[in-house]
Amino acid sequence: MLGHRDGPLLVAGTFPVEPNTLAFSERPVTLLFEGCPTRKSAAWTAWSLFSFTLGLVQEEQATPAEFHDRFRETLDEQQFPGLHSVLEDSVSIDYGERFGFGIEQMLPSAPTTKPRPRASS
């Protein structure tokens, strides 16, 4: 998607139910069946991974370099101490590292999602 300007924006705004799209989606869902306790957690993990990927690629393509400087100038340390303390990490342009971190956060949590017991009626 990075090779095509506005690629993630175009993809995010559609819901193509086409053979190639379904074939692409089939693979991660099938792989997630092996580690997730339920089909629902596999489906939702696949959806989370896809949405995360689209969002991060869209951010990488759409965020102008000036944004980071403006963010630094605007962020008041007294008013937003938490955000100020993570400012440099927040404006990191190492999207590959951010992507890897996000994936590492999502995948290990997928198998631990246990089905909730149903309330008895």
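Arg72 is partly exposed, its relative accessible area being 33%, and in this predicted model the residue takes part in a network of salt bridges that links Asp69, Arg72 and Glu88. The protein chain around this network has seven helices and zero strands, so that its pattern, read along the sequence, is α-α-α-α-α-α-α. Of the 121 residues in the protein chain, 17% are buried, and residues 24 or more positions apart account for 67% of those contacts whose separation is 6 or more.

**Salt bridges**

- The structure holds three salt bridges, and two partners of Arg72 can be described in turn, beginning with Asp69, whose side chain meets that of Arg72 at 3.5 Å, N to O.
- Asp69 and Arg72 both lie in helix H4, where they are three residues apart, about one turn of the helix, and Asp69 counts as partly exposed at 44% relative accessibility.
- The side chains of Arg72 and Glu88 also meet in a salt bridge, at 2.9 Å from N to O, and this pair links distant parts of the chain, since Arg72 is in helix H4 and Glu88 is in helix H6 (residues 87-90), 16 residues apart.
- Glu88 is itself partly exposed, with a relative accessible area of 47%.
- Arg98 forms a salt bridge with Glu59, in which the closest N and O atoms are 3.0 Å apart; this pair, too, links distant parts of the chain, with Arg98 in helix H7 and Glu59 in helix H3, 39 residues apart.
- Both ends of this bridge fall in the partly exposed class, Arg98 at 24% relative accessibility and Glu59 at 29%.
- Side chains of opposite charge can pair when their charged atoms come close.

**Aromatic rings**

- The structure holds two aromatic pairs, one of which is formed by Phe52 and Phe99, stacked with 5.8 Å centre to centre and 15 degrees between the planes.
- Phe52 lies in helix H3 (residues 39-62) and Phe99 lies in helix H7 (residues 95-109), so the pair ties together parts that are 47 residues apart in sequence.
- Phe52 counts as partly exposed at 23% relative accessibility, and Phe99 likewise counts as partly exposed, at 33%.
- Phe67 and Phe71 form an aromatic pair that is also stacked, with 5.7 Å centre to centre and 15 degrees between the planes.
- Because Phe67 and Phe71 are four residues apart in helix H4 (residues 65-74), they are separated by about one helical turn.
- Phe67 is partly exposed, having a relative accessible area of 39%, while Phe71 counts as partly exposed at 23% relative accessibility.
- A charge also meets a ring in this model, as the charged end of Arg39 sits over the ring of Phe33, 4.0 Å from its centre.

**Buried residues and their contacts**

- His68, which lies in helix H4, counts as buried because its relative accessibility is 9%, under the cut-off of 20%.
- Leaving aside residues up to four places away in sequence, His68 touches Thr63, Val91 and Ile93.
- Thr45 has its place in helix H3 and is buried as well, with a relative accessible area of 11%.
- When residues up to four places away in sequence are not counted, Thr45 touches Leu32, Cys36, Leu107 and Ala110.
- Another approach between residues far apart in sequence involves Ser109 and Ser41, which are 68 residues apart along the chain and whose C-alpha atoms are separated by 9.9 Å.
- Ser109 is found in helix H7 and is partly exposed, with a relative accessible area of 35%.

**Surface**

- The accessible surface of the protein chain comes to about 9,500 Å², and 59% of this surface belongs to carbon and sulfur atoms.
- Phe80, Leu83 and Val86 make a nonpolar surface patch of about 230 Å².
- Within this patch, Leu83 has its place in helix H5 (residues 81-85) and is partly exposed, with a relative accessible area of 43%.

How values were computed
Residues are numbered from 1 along each chain as its sequence is written. This is a predicted model: local features need pLDDT of at least 70, side-chain atom pairs count only at pLDDT 80 or more; totals for chains, interfaces and linings use all residues. Side-chain values use heavy atoms; hydrogens and water are left out. Helices (H or I, at least four residues) and strands (E, at least two) are DSSP runs, numbered from the N terminus. Buried means under 20% relative accessible area, exposed over 50%, partly exposed in between (1.4 Å probe, protein chains only). Contact means heavy atoms within 4.5 Å. Accessible areas come from the Shrake-Rupley method with a 1.4 Å probe; for residues, only the protein chains shown count as cover. Patches are made of residues with over 30% relative accessible area and no salt bridge: like charges are joined within 9 Å, nonpolar side chains (Val, Leu, Ile, Met, Phe, Trp, Tyr) within 5 Å. A salt bridge is a side-chain nitrogen of Lys or Arg within 4 Å of a carboxyl oxygen of Asp or Glu. Rings of Phe, Tyr and Trp (its six-membered ring) pair if their centres lie within 6.5 Å; planes under 30 degrees apart count as stacked, over 60 as edge-to-face and the rest as tilted. A charge sits over a ring if NZ of Lys or CZ of Arg is within 6 Å of the ring centre and within 35 degrees of the ring normal.
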